[in-house]
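The exercises below are to be solved with the sequence and the model at hand. Each task is followed by a solution in steps.

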Amino acid sequence: MVVTVIIIILAGLIFVAVATGLRTAREATERQFVRNISTGVEQFKQAFKFYPPLVDDTTPLDTATKRILVQGDTGDGGLAALQYLQNPAQPRFSERSLPIFLAGVLGQEYDGVEGSGFLAPQPDGQFAKSGPRTDPFLDTSRDAERLARTGGDTIPAYRDRWNGAIRYYRWEPTKYPKGHPQFGETSSGNAPVLFGDPAGNAKLRDGGFAIVSAGRNQRIANSPPTADDNLDNIVELAQ
Ligand SMILES: [Ca+2]
Ligand SMILES: [Ca+2]
């Protein structure tokens, strides 16, 4: 009897240890994937001298003119798009940008290359009509569920292991206005709130992007990182 009880207790302890170990390993794999996407964004910046723009996830494409639609669209030479990235009231993330700009998932009529790959991207979110071809910055060819559509999606998203779309956040620092005691310095106030207080974090003040998996609970709240929904988020800030 005593032996049976001990065996049951031991079995329970082993089960918990194995389950915890598996969860830790899965989260490490996930963190690595999020980091790989972040590295892809840095490689894009090195190659083209700007970060991939934020695509409008609701209406990503103008199918009549074959244009890619960027948040705060750029009919005015980019000022509205910049103001969008400086405005804390905007959500400032996209789930479709990186499949378009890191993998080139769009067809030839949009990015110049049928299937994966693309011609030179431009800061306004369009692609060159000719010139050298770029291959995807991130190879997901052996892992098809990592870059996949769900439901009625026209454009796939990078997906975490819980099948959630991984978000690409972008923001632009602003300067303190004339008359402010810190005039000329970078304002610390406008990184998205879910990344925490920029005051003590140079990456938040000066960096301009983050890659985010919603984690196991598949929720991201527009609240500080200590909010319940955000505790399990997997976040990679710009280097
Ligand atoms: Ca393509
Ligand atoms: Ca979460």
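**Exercise 1. Compare the expected span of helix H1 with the distance between its end C-alpha atoms.**

Solution. The expected span is 1.5 Å times one less than the number of residues. H1 has 47 residues, so it should span 69 Å, and its end C-alpha atoms are 69 Å apart, which agrees. H1 covers residues 2–48, and Lys49, which follows it, has a positive phi, near 70°. Helices (H or I, at least four residues) and strands (E, at least two) are DSSP runs, numbered from the N terminus.

The model is a predicted one: local features need pLDDT of at least 70 and side-chain atom pairs count only at pLDDT 80 or more, whereas totals for chains, interfaces and linings use all residues. Residues are numbered from 1 along each chain as its sequence is written, while chains are lettered from A and ligands numbered from 1 in the order in which they are written.

**Exercise 2. Describe the protein as a whole: how many helices and strands does it have, and what percentage of its residues count as buried?**

Solution. Begin with the elements: there are 5 helices and 10 strands. Next, take the extent: along the principal axes, the C-alpha atoms fill a box of roughly 80 × 55 × 30 Å. Then consider burial. A residue is buried if 20 or more other C-beta atoms lie within 10 Å of its own, exposed if 12 or fewer, and partly exposed in between, with C-beta atoms placed from the backbone. By this criterion, 34% of the 239 residues count as buried. Finally, consider contacts, which require C-beta atoms, placed from the backbone, within 7 Å. Among contacts between residues at least 6 apart in sequence, 52% join residues at least 24 apart.

**Exercise 3. Which residues of H2 are buried, and against which strand do they pack?**

Solution. In H2 (residues 79–86), the buried residues are Ala81, Tyr84 and Leu85. Seen down the helix axis, they fall within an arc of 95°, so they line one face of H2; the arc is that of the directions from the axis to the C-beta atoms. Their packing partner is strand S8 (167–170). S8 is covered on both faces, with Arg167 and Tyr169 buried on one side and Tyr168 and Arg170 on the other.

**Exercise 4. Establish the strand order of the open sheet that contains S8.**

Solution. Two strands pair if DSSP finds at least two bridges between them.

1. S3 (residues 93–94) runs antiparallel to S8 and is joined to it by 2 bridges; Ser94 stands opposite Tyr168.
2. S8 pairs with S9 (residues 209–213) over 4 bridges, again in the antiparallel sense. Arg167 is opposite Val212, and Tyr168 is opposite Ile211.
3. S9 and S10 are antiparallel and joined by 4 bridges, with Glu236 of S10 as the bridge partner of Ile211.

The order of this open sheet of 4 strands is therefore S3-S8-S9-S10, with antiparallel pairing. S3 and S10 (234–237) are at the edges with a single partner strand each, so one side of each has no neighbour in the sheet.

**Exercise 5. Which residues have the most contacts inside the largest nonpolar core, and which elements each supply at least two of its residues?**

Solution. A nonpolar core is a set of buried Ala, Val, Leu, Ile, Met, Phe, Trp, Tyr and Cys residues joined through C-beta atoms within 7 Å. The largest has 45 residues, and those with the most contacts inside it are Ile37, Leu102, Ile166, Tyr169, Ala210, Ile211 and Val212. At least two core residues come from each of H1, H2, H3 (97–103), S7 (157–158), S8 and S9.

Now examine two contributors. In S9, Phe209, Ile211 and Ser213 point one way and Ala210 and Val212 the other, and all are buried. Leaving aside neighbours within four places in sequence, the contacts of Val212 include Ile166, Tyr169 and Ile234. In H1, the buried residues are Phe33, Val34, Ile37, Gly40, Val41 and Phe44, and their cover includes H3, S7, S9 and S10.

How values were computed:
Contact = placed C-beta atoms within 7 Å.
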